[in-house]
Amino acid sequence: MSERIVVVGFGPVAARLIDELLPAVRKGLARLTVIGEEPEAAYNRVLVADLGVGRTTEEALALADAAALIADGVDVRLGVRVRRVDRARQRLILTDGTSPGYDRLVFATGSRPVIPNLTGLNPDPAAPVLPPGVTALRDLRDAAVLRSAVAGGKRVVVLGGGVLGLETALAAAEEGATVTVVHNGPHPLGRNIDRGGGAVLATSLRNCGVRMAGNARSTGLEHNAPDGGFSALLLDDGSAIDGDLLVLSCGVRPRTELAEGCGLSTGTGILVDHKLRAHHEPHIFAIGDCAEVRCPDPECAECRTARGPSGLVGPGWRQAEWLAEYLMLLAAESKADAGPSSDAAADAAAGADALPPLAPEQPGVIVLKARGMNMAVAGDNGAEPWDEEALATGAVNGRARLQVAQWADPEHGRYVKMITRAGVLEGLVAVGMPRTAAELVQLFERGAELPADRSLLLRLDGPDQVAAAGAADPARTVCRCAGVSGTAIASAAADGCGTVSEVSGATRAGTGCGGCHEDIRGIIEAHFQGAVA
């Protein structure tokens with residue numbers, strides 16, 4: 001019998017898993033069912049803001065074709081929810097009245113937006129009812145709401161100073177909307193960036209046409225628009241920020257309610273081990289935003305410092321790719337068990353057991369790009385040059401102290417901070433220094449040692465380096481979400497790919513956060529300019 005694999009959720013991470021499992025489906029090793037709440041197949045949710053400001057299309061965001069999957073033998077069920085999981089019988093109870101069974105169940109339920117507890121908003125986080133003029137910008141219908149506001153030159157208020165909120169604000173401002181970002185704390189990206197970098201970032205955002213309201217605590221909403229919709233965000237100091245559309249960007253929470261309902265262990269997300277198996281349940285797995293890799297072994301040093309789901313699409317894709325290989329080995333084992341050859345079953349079992357566990361994720365890099373603005377942030381960058389206590393942290397048993405190199409030019413929106421231990425980056429901030437940022441990110445991801453003279457890195461953004469901007473390492477990773485190098489993108493251009501979407505179709509580059517689109521476009525242009533010459 002073929003292994004019955006059911007995937008709950010049909011977002012970007014589930015789409016990658018399904019894509020990787022298709023060879024097993026075609027060979028008859030697995031019967032695959034995917035259950036999605038939305039009526040559409042998987043699309044790139046990270047770029048919904050770009051869709052909302054008219055920079056892309058629904059077709060360009062699509063990550064899966066339901067009709068093609070059905071033709072390949074996948075049971076695709078859209079617009080359907082799972083009511084509950086019957087673990088004892090290994091069956092799902094769906095809202096359409098059916099109850100498919102499973103041999104392996106994968107939760108890829110993702111996350112849901114945090115709805116703040118404000119007067120005028122439904123406080124139920126599981127089933128919020130947002131009033132007219134308020135959106136969390138998570139799906140295609142939310143994008144249509146933003147599109148209407150931007151097209152009409154409306155006033156957009158973004159509540160939250162995280163990277164998604166800032167990307168939305170920048171995109172809407174560039175397309176003609178009046179945008180105000182309201183955030184708690186002295187500067188945006190308060191959890192990710194140091195004070196100096198945050199101050200320069202806020203100034204850069206203002207220079208890009210985004211109004212900033214910092215140190216602001218929201219208390220409620222006014223609904224005085226002609227249609228009874230949102231008209232103003234109320235603050236605790238008695239003031240109000242008027243607007244026509246409120247975009248909630250207050251973070252996300254993993255969707256764990258279905259897993260909790262069937263008795264699985266959860267923390268921040270669904271708890272899984274290093275093979276992505278739910279605790280004490282070898283038939284159930286979780287990947288992506290809903291999964292928290294924290295094994296049951298109390299002696300595991302790696303899990304002791306685990307921080308929960310990353311919230312980034314790249315790590316979710318790597319989990320999907322690893323799990324697909326593991327599930328295919330298990331399916332081959334199951335098929336061999338049912339056949340006449342016990343040797344084949346033993347070989348398949350050995351292959352699944354011998355598969356190395358999922359490699360731990362490296363710290364993520366946050367990149368923010370817009371016309372006239374560039375920022376990269378990574379690692380722990382809070383230490384200051386004269387903060388003796390912070391610099392001595394971790395310097396035991398001969399381990400080196402932290403060192404901080406810092407440079408600021410607030411007038412021109414430039415700031416760089418490099419925090420190193422034994423010459424290797426542990427944290428970085430770069431605002432308004434795109435070439436320096438690109439080099440630092442490469443060094444950070446490789447764990448490579450910085451030059452002794454840190455100022456050499458700053459000179460990458462000097463006027464004498466502009467002409468040499470195209471001389472970057474061609475093998476560097478351009479798309480960090482999909483792990484695609486500049487060499488692979490150049491090869492796709494050489495094969496005839498002349499647009500970002502064509503390169504994305506050939507290499508998967510640019511199908512994640514979209515922060516590499518300009519770099520991909522530059523590689524394409526460089527190739528065709530050379531061809532013309």
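1. A good place to start is Leu-92: setting aside neighbours within four places in sequence, Leu-92 is in contact with Val-6, Val-8, Ile-35, Val-82, Arg-84, Val-85, Thr-98, Ser-99, Pro-100, Tyr-102 and Leu-105 (contact means heavy atoms within 4.5 Å).

2. Before going on, please keep in mind that this is a predicted model, where local features need pLDDT of at least 70 and side-chain atom pairs count only at pLDDT 80 or more, while totals for chains, interfaces and linings use all residues. Residues are numbered from 1 along each chain as its sequence is written, and side-chain values use heavy atoms, leaving out hydrogens and water.

3. Leu-92 also belongs to the largest nonpolar core, of 76 residues, where Phe-10, Leu-92, Phe-107 and Leu-323 touch the most other members. Helix α10 (residues 313-338) gives the largest share of this core, 10 residues. Apart from it lies another core, of 42 residues, including Leu-140 and Met-373. A nonpolar core here is a set of buried Ala, Val, Leu, Ile, Met, Phe, Trp, Tyr and Cys residues joined through side-chain atoms within 4.5 Å; buried means under 20% relative accessible area, with a 1.4 Å probe and protein chains only.

4. Helix α1 is mostly covered, with 11 of its 15 residues buried, among them Leu-17, Ile-18 and Leu-21. Have a look at Glu-20 too: a kink of about 35 degrees lies there, shortly before the proline Pro-23. The bend is the angle between axes fitted to the seven residues ending at a residue and the seven starting there.

5. Finally, Val-441 sits in helix α13 (residues 434-446) and counts as buried because its relative accessibility is 5%.

Note on methods:
Helices (H or I, at least four residues) and strands (E, at least two) are DSSP runs, numbered from the N terminus. Buried means under 20% relative accessible area, exposed over 50%, partly exposed in between (1.4 Å probe, protein chains only).
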